[in-house]
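Here is a short briefing on one protein chain. Please start with a single residue, then step back to the whole fold.

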Amino acid sequence: MFVRLLSLLSMMCFSISALATELEVLHWWTSGGETRSAQLLKSMMEEQGFSWKDFAVAGGGGESAMLVLKARAVSGNPPTAAQIKGHDIQEWAKLGFLTNLDGVAQQDQWDALLPDLVSDLMKYQGKYVAVPVNIHRANWLWANPAIFHKVGVDYPSTLDEFFVAADAIKAAGYLPLAHGSESWQDVTLFESVALAVLGKEKYRKAFVDLDMDTLSGEQMVAVFRYFQKFRDYIDPEAEGREWFVSTSMVGNGEAAMQLMGDWAKGEFTATGKVAGKDYVCLPAPGTGGIFSYNIDSFVFFKSPDGIQKEAQEALAQSIMAKPFQKEFNAAKGSLPVRTDIPLDSFDRCSKSSVSAYKQAHNHDNLVPSLSQSMATTTYVLSAISDVVTNFFHDPFSDPEKAADRLARAVKAAL
Ligand code: BGC
């Protein structure tokens, strides 16, 4: 009896200590470049004696990952950590699910290391409840230089120039734009068009302030009109295509352009493509000077008796540590969140991104990415996504009606 009790106790101790050192991490980094980047974090944690249980849920933009996470959290079994960002951080914190990271944040001086834009997003009621990973820019155009050279057109810097270039590329027998069919990809494209047509002030009014007149107004009708035109440059096989497949099409010369955030650069890097030679990075047409930011971050779920707090703090500290910030972001295509990381070894697109960030910061041109949950709540974003996607996939869609629907959908989601 005594022996059985002892073995039961030792099994319990074993499983408690296993739990204390296990990191189950939910994320949606499943493409080639993303997996390579996530692997860096996994190795760093394993070197410190933690066991990494990968909880990867495919689907760019993280929509599927969020659904899985909600199901796990509601059943009382959340993972140790999860990739959550933007407004979702506040939502989960409000519900009382998140571990307070203020201890490590103060010890490691996060306030001094991070730009306010980043640290503000990581806090709930003044306390850190998330750790930032990187700064991505959403409004990029990726182009294949060989195709532009063969066709003899210039890279576009406005929407009208985009259509001129795309027409010439199409006439020469190339696919102008690689795109996929997931709604977040449609919203990514829509967001760049909206930024170009509305400019930063009206963009903020529409998607941050959710101003009904701007959402339904004449300029929004113009946004949908331009957006609609992009359909002419996409192939029928776009249906079901994932974002990173589009990226590889640009890299391999199967398509001339892609409008996508700089996680695309992680894909180019992972397949050995060189910035400036195999691909070029330009601001999305009409959005030069504006930086639409997308900040990845992780949150940590409270565990029974705080048993995982030590592991969670170690993960948070590793994410903020200099070696991780440098290596991970060079691989991922993003910028480090810390302001003290030298970027000499980063490629020319990262260097252009950091100078765009600084200039945008100085001229009040930083805007939160709509498609990446930075501008508004998940509820509002999902209402906007429905309108945008339905519009884009309906050959008979009407821009006037779409702007009206957009405002009504947002109102209903508030
Ligand atoms: C994330 C990026 C990721 C991209 C595609 C975005 O929502 O912020 O880190 O690479 O989705 O999966």
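Asp160 sits in helix α9, which covers residues 159–171. The model is predicted. Asp160 has 49% relative accessibility, so the residue counts as partly exposed; exposed would require over 50%.

**Around Asp160**
- Gly286 is 126 residues away from Asp160 in sequence.
- In space, the C-alpha atoms of Asp160 and Gly286 are 8.8 Å apart.

**Fold and dimensions**
- The chain's secondary structure comprises 19 helices and 15 strands. Helix α9, home of Asp160, is one of the helices.
- The radius of gyration of the chain is 22 Å. A compact globule of 414 residues would come out near 22 Å, so the chain agrees with that expectation.
- The C-alpha trace spans about 85 × 45 × 40 Å along its principal axes.

**Packing**
- Of the chain's 414 residues, 55% count as buried. Buried here means under 20% relative accessible area, so Asp160, at 49%, does not count as buried.
- Take the contacts in the chain with a separation of 6 or more: 77% of them join residues 24 or more positions apart.

**Surface and charge**
- About 17500 Å² of the chain is exposed. Carbon and sulfur atoms supply 54% of that area.
- There are 37 positive and 49 negative side chains in the chain.
- How far apart do the centres of the two sets lie? They are 1 Å apart.

Technical notes: Residues numbered from 1 in each chain as written. Predicted model: local features only at pLDDT ≥ 70, side-chain atom pairs only at ≥ 80, totals over all residues. Heavy atoms only, no water. Helix = DSSP H or I, 4+ residues; strand = E, 2+ residues; numbered from the N terminus. Buried < 20%, exposed > 50% of the residue type's maximum accessible area, 1.4 Å probe, protein only. Rg over C-alpha atoms; globule rule 2.2 N^0.38 Å. Contact = heavy atoms within 4.5 Å. Areas by Shrake-Rupley, 256 points an atom, 1.4 Å probe, with all protein chains shown as cover. Lys, Arg positive; Asp, Glu negative; His and termini not counted. Charge placed at Lys NZ, Arg CZ, Asp CG, Glu CD.
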